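Student: I would like a close look at a single helix of this chain and at what it packs against. Please add enough of the surroundings to place that helix in the model.

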Amino acid sequence: MLFNRGRAASILGIAGVSERSPAMLVLPLIWDGGTGTVFERATPWQAAWARFRTGGSVMDYVRPSGTGADGLLLNAGQVTRRGRGWWRTVLNQYGASDVLIPQVRLYRQWPGGPVIGTFTAGYGPDNRLLGSFSLRVEQGDAVPALLDEGVRRIDAMYQQALQAGTLRPDVVLAAPPPGTPVTPVEEDLSDPTIPDPTATPTPGPAAEAITLSIQADTPNAAAVESTEAALRAVPGVRSAATSSLALGGVSVLRVTFDGDAAILTAALEARGWQVQPGDGVLRIRRRAAPVAPLRRVRRRDDPVASRFGPAFLLLELPAGARQDLFLVGPSNEAAVHHLDHWETWPVKAALLVGPRKSGRTLLARSFVARSGGTIADDAERWNETELFHAWNRAQSEGQPLLIVADAPPPIWRIGLPDLRSRMGATPVLRLEAPDELLIETLLQYLFDRKELVAAPDVVRWLARRVERSHLAVLRIVEALEEDAMLRSTRRLTIPTARAALASSPLLLDRLL
């Protein structure tokens with residue numbers, strides 16, 4: 001249920017207040033231990049604002065509960081964001097006109113000892129300062145009381161600023177979203193002295209309006225705005241607003257339309273949307289250009305394909321990457337399948353993890369050459385702020401970002417909280433250790449490339465004894481090639497392989 005906060009003021013027991021502020025979204029930011037937090041997790045500062053009783057205040061606070069999408073939309077990084085377009089989208093979801101940013105920094109002298117809190121009252125996307133003060137308690141157990149007093153004083157600052165005219169909503173935030181059609185005003189240029197025979201026409205029946213719920217993919221805030229603008233541009237649509245926001249998923253929009261659902265469906269399809277009708281609900285998707293999947297070839301003249309069955313396919317890479325082949329098996333097939341369908345990703349990013357020499361960089365370059373996206377190889381060595389901006393840029397531009405790392409978080413330790421939260425929402429694609437059949441395929445493929453002649457029984461003998469890793473397979477082949485050069489022959493047998501690898505730690509069983 002949606003309420004007009006201004007009209008409901010008298011019902012809420014504040015009829016005697018002569019002036020009431022517009023609805024203001026509260027972002028309680030606390031700095032404790034050097035880390036800033038809003039709604040990423042529950043904090044005592046958020047709890048203090050939830051306990052505060054606003055019946056005697058002229059401020060109309062919108063206080064999120066901190067559940068659902070609050071932790072993603074309203075976080076410490078959002079406080080430093082200045083873009084009005086993004087703020088307008090966020091404020092529309094919470095029914096607010098502007099934002100208030102009350103902050104507190106806690107300085108603890110020692111565990112359980114005195115605590116000093118420095119409070120500041122800010123407002124607006126630019127976080128303009130209204131005032132500040134400091135409070136102190138002698139024991140750590142008294143921090144809730146300290147925060148309650150801080151909330152009361154900050155509320156008094158906001159009320160004083162409202163009465164003085166300092167606290168006023170940003171007019172840019174109240175502007176209509178981009179793409180909202182503007183109805184031109186026609187001037188009456190007719191001569192009033194000349195009678196108009198059509199001055200009193202018989203009014204026709206007005207079209208009956210219907211209200212529909214429309215589900216749409218919203219990977220980012222820009223997609224929300226563009227979808228709303230596209231729906232408002234359809235003739236006959238009276239209003240279109242997001243009623244349930246799910247960034248990175250499927251959001252629900254409420255649309256009022258003059259006509260029936262079939263007419264709206266036809267209008268959307270004519271504008272390039274795929275529409276799936278339901279009972280009072282339309283599911284819409286953008287028509288994506290057909291994208292060819294990563295090319296997998298099975299050539300009859302290929303020596304590897306002729307030795308092994310169809311369970312293993314060869315992934316041929318584009319010429320722009322590296323002239324090489326990527327062997328696909330059960331240990332990496334799920335990752336390849338996910339990369340094949342990048343255009344359906346709700347989050348335009350993926351984390352590809354796997355051991356070195358597993359072909360992860362080769363696969364990533366092939367994917368980037370085909371999709372037009374970007375790659376962040378060896379992501380652990382990247383500057384975290386640059387990687388954070390690359391992730392955001394992929395969402396806003398709709399171009400996929402493939403992040404390549406040795407391991408996912410928390411094994412990969414990320415210090416930047418905003419990057420850590422975004423990586424938590426990023427799908428993880430794993431290149432697992434190869435199984436025995438994939439090792440056989442890889443051994444035979446490398447032998448063929450290096451022109452080493454190995455019978456199938458030699459390949460099977462090595463595959464059952466080599467360590468289950470791509471790096472171990474590569475080192476085994478290099479050792480056998482070096483031994484073959486010393487023996488002046490390219491033919492491999494089990495006795496020669498056993499002798500060449502007798503001192504190698506790469507074989508799990510050196511006695512057989």
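Tutor: What follows describes one helix, then its partner, then the chain around them. The model is predicted, and the mean pLDDT of the protein chain is 78, with 80% of its residues at 70 or more.

The helix is H13, residues 436-449. Its length is consistent with its residue count: at 1.5 Å a residue, 14 residues should span 20 Å, and the end C-alpha atoms of H13 are indeed 20 Å apart. H13 is mostly covered, as 10 of its 14 residues are buried. The buried residues form a run that begins with Leu-438, Ile-439, Glu-440, Thr-441 and Leu-442 and goes on through Leu-443, Gln-444, Tyr-445, Leu-446 and Phe-447. Glu-440 is thus listed as buried along with the leucines of this run. After H13 comes Glu-451, which has a positive phi, near 60°.

The partner to consider is helix H15, residues 470-487. The axes of H13 and H15 come within 10 Å and cross at roughly 35°, and the crossing is right-handed. On the H13 side, the contact is made by Ile-439, Leu-442, Leu-443, Leu-446 and Phe-447. On the H15 side, His-470, Val-473, Leu-474, Val-477 and Leu-480 meet them. By character, the residues of this contact divide into 9 nonpolar, 1 polar and no charged. Each of the H13 residues named in the contact, Ile-439, Leu-442, Leu-443, Leu-446 and Phe-447, is also buried.

Further along the chain is Thr-493, in the loop between strand S21 (491-492) and helix H16 (494-500). Thr-493 is partly exposed, because its relative accessible area is 30%, a value between the limits of 20% and 50%. Thr-493 and Ala-455 are 38 residues apart in sequence, yet their C-alpha atoms are 7.4 Å apart in space.

Before H13 in sequence, the loop between S18 and helix H12 (417-424) contains Pro-410. A cis peptide bond joins Pro-409 to Pro-410, with omega about 5°. Strand S18 itself, residues 401-405, has the highest mean pLDDT among the elements of the chain, 93.

Two other loops hold non-glycine residues with positive phi. Asp-378 has a phi near 50° and lies in the loop between strand S17 (374-376) and helix H11 (384-397). Asn-127 has a phi of about 55° and sits in the loop between strand S6 (115-123) and strand S7 (128-137). At 22% relative accessibility, Asn-127 counts as partly exposed.

As for the whole, the chain comes to 16 helices and 21 strands, and 43% of its 512 residues count as buried. Among contacts with a separation of 6 or more, 66% are between residues 24 or more positions apart.

Some parts call for caution in reading. The lowest mean pLDDT among the elements, 44, belongs to strand S13, residues 296-297. Over residues 177-195 the pLDDT stays under 50, and the model has 8 contacts beyond four places in sequence for them. Over residues 199-206 the pLDDT is also below 50, and this stretch has 0 contacts beyond near neighbours in sequence.

Note on methods
Residues numbered from 1 in each chain as written. Predicted model: local features only at pLDDT ≥ 70, side-chain atom pairs only at ≥ 80, totals over all residues. Heavy atoms only, no water. Helix = DSSP H or I, 4+ residues; strand = E, 2+ residues; numbered from the N terminus. Expected span 1.5 Å × (residues − 1). Buried < 20%, exposed > 50% of the residue type's maximum accessible area, 1.4 Å probe, protein only. Axes fitted to C-alpha atoms, helices over the stretch in contact; angles between N-to-C directions. Left-handed = near helix turned anticlockwise from the far one by under 90°. Contact = heavy atoms within 4.5 Å. Nonpolar A, V, L, I, M, F, W, Y, C, P; charged D, E, K, R; others polar. pLDDT = per-residue confidence, 0-100.
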